[in-house]
Amino acid sequence: MDARLNRFGISAAIPMSLGVALGAASSETASAQQRDEHIESLLSRMTIEEKAGQLTIVADTSRVMAEGINPEANRRKLETLLADVRAGRIGALMSGNGAAAARDTQRIAMSETRMKIPLLFAADVIHGYRTVFPIPLGEAASFEPELAERTARVAAIEATAAGLQWTFAPMVDVARDQRWGRVAEGAGEDPYLGALFAAARVRGFQGGDLRSERSLLATPKHFAAYGAVQAGMDYNSVEISQQTLREVHFPPFKAAFDAGALSAMSAFNDINGVPATGNRWLLTQLLREEWGFGGFVVSDYTSDREMILHGFAADDAQAAQLALSAGTDMSMQSGIYVEQIPRLVASGRLPIEVVDQAVRRVLSVKKALGLFDDPYRSLDPQREARELDMPEHRALAREAARRSIVMLRNEGNILPLRKATRIALIGPFIDDRDNLHGAWTLFGRKQDAITLRQGLERAGATLVGVVEGSSIETALAGGIEAAVAAARRADVVVLAIGESERMSGEAQSRAQIVVPQPQRELAEAVAAVGKPVIVLLWTGRALALQGAVRNAEAILVAWFLGSEMGNAIADVLFGEHGPSGRLPVSFPQDSGQQPFHYNHRRTGRPYTQKGRPEFTARYREVSNEALYPFGHGLTYSSFEYSATRASDASLAWNGTLSVNARVANTGSRAAEEVVQLYVHDRVASLTRPVRELKGFRKLRIEPGQSVEVAFDISRRDLEFVGPDMQWLAEPGEFDAWIAPSSTGGVPVRFTLERE
Ligand code: GLC
């Protein structure tokens, strides 16, 4: 697929303004007389308490599957919760108890409340519902946004079969610091790749018809710049320039909104001292007035009340007043809107128009989803029984898992293995089913997932030893000895090591992004036996690989691949499917390099290994390059890039220039190569990144064949956010690469001419 799209990574054909998606009835820009009569009629009859209720979502804490994903806050017994529904004090539920339970609660809202406004049922369906797909970071490694659209579509089919109409996804935060555990939930360090996956996932979740019973309302989150928390510490402050906000962190959100997302979630963090949830510049001036967003904003879990802890609000009343006035329309879990809004309006501290505007937005989205016409859409227990465990969903899970695996190293082409090869299968994940799904999988059934051993055995592997050798974070008595003995009996060792799924995701920042010590000791002992070692890495982030792990003959990044993890790894190990993934995050030499990203500015003393490196941007004790760079990934073949050239030495201001290269499969197997286009602006009024991804194509090339790859470049691809916060291009010299990664290729130079 040609991933050349406009600046925000989305084709212009998709409605640019959400007003189009919602219809003029509820677009912010719609004048009063165009407003939806039905919604205005409801508003005119609602009490202030009922209005505040529509702006309130709480967790249905009888949903046992969600234990441990949120802190305890404002927990309500089911009877209290249903009483609040009857009183019109709740407009939406974080649910997940299935279609029948949701149907019963909806029936209360539609028959026992005064206004009979349908509830909205939501949950965190991040990478699958019952069928679990790779963690989003792993799926981003496929470099196939269309694959992500397909998996999001299946997630929506299953989630809406199970009584949900709204998901708090996709998470689109750009993350450049791998210490931050939530890097697992996004698409990595690059805004262009992130924008493509954000738009694809929104299209997948919402589908082509918002009113369909299989449409799941999408929520790009966490708005904004949550991935830029200082020191990779979750919930930490964000100090950031407008340019970096607009060039790096906003594009995936803009692409998601341009793809039609009708809700957004505000972030926990502050931005330069103003919490996102109370940030009027962010949520009103930028999101609505500049971008034309017509949906509604929901806070993150108690993030409105947390402005008191930020030191930005004195109490619940001020927190509610600041959040609602800034543009956070709906309050998640804290309950402060329904408690405070009536008093704030009565005391004159909050204009009723601000409340009505938020209620109008929420009701408009409920209307766009067709809930007023059919409140019970997606609440059908019969459909739930039919559509949750479909074989084609599992087949897609296996395909997505295979295509997300990244092969970092394959010394001596030890992979793929023959089935007769005697394997010692070693490591804490060999039979483990608690760490196949990854973070944020509330509804997957671990017992349904395929373990590594199961996958290898089903593939007909010759296992001469299956030994845990170590637990994930602790040593196992006798484990290393047993593992060494197994290695001695084998031709090769397959070593499944890495992070548990609890070591990434929310509130899982790590100071050292390494394989836990006991597993490293296991790897050293096993490697000392002298047999080739193939490392399979369970991980929710880029890791700093060390010692025997780093020096293994072969390394496959397996992320957390979901329900079909064992089968997918076996497919790749034995060559049924060649590895085709590429790194969406840079693997560093050392944890100390964080934050690290390929698209960094040059500095006045750029790191070089030529000449006298000491007076350059470097560390004394470690190279300041990636061990494995963004975009890197090997296949079971080899490729040669040649004849990189530009169609012209100059690009006219309003013209297009083509950059071409020939890519040849010089190996003996067909394989899929991700051919990447990078550009660099050599001189500009602001210093520019040494490279920026501007396009890629994943191409299957037969052995001995070669293909001509061409990317068109226009001025739009060369723009950046200038000193006045506007996107602009500047005439001058540029370099372009067509390459297999962010450090490969040969540059070709061209000049952007003056207007
Ligand atoms: C969490 C997360 C957010 C999630 C929400 C509801 O704290 O930050 O991503 O959607 O609460 O679970």
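This dialogue considers how to read the overall form of a predicted model and one of its strands.

Student: How many helices and strands does the chain contain?

Tutor: A count of such elements is a useful beginning. The chain holds 21 helices and 27 strands. Its radius of gyration is 26 Å, close to the 27 Å that the globule rule gives for 755 residues, so the chain is as compact as a globular protein of that length. Along the principal axes, the C-alpha trace spans about 75 × 65 × 45 Å.

Student: What share of the residues counts as buried?

Tutor: A residue is called buried when its relative accessible area is under 20%. By that criterion, 63% of the 755 residues are buried. One may also ask how far apart along the sequence the contacting residues lie. Among contacts with a separation of 6 or more, 79% are between residues 24 or more positions apart.

Student: Is strand E15 mostly covered or uncovered?

Tutor: One examines each residue of the strand, then each face. In E15, which comprises residues 554–559, six of six residues are buried. One side carries Ala554, Leu556 and Ala558, the other Ile555, Val557 and Trp559, and all of these are buried.

Student: Which strands pair with E15, and in which sense, parallel or antiparallel?

Tutor: One looks for the bridges and for the direction of each partner. Strand E10, residues 406–410, pairs with E15 in the antiparallel sense over four bridges, and Arg409 stands opposite Ile555. Strand E14, residues 533–538, runs parallel to E15 and is joined to it by five bridges. Here Leu536 stands opposite Leu556.

Key
Residues numbered from 1 in each chain as written. Predicted model: local features only at pLDDT ≥ 70, side-chain atom pairs only at ≥ 80, totals over all residues. Heavy atoms only, no water. Helix = DSSP H or I, 4+ residues; strand = E, 2+ residues; numbered from the N terminus. Rg over C-alpha atoms; globule rule 2.2 N^0.38 Å. Buried < 20%, exposed > 50% of the residue type's maximum accessible area, 1.4 Å probe, protein only. Contact = heavy atoms within 4.5 Å. Pairing = 2+ DSSP bridges.
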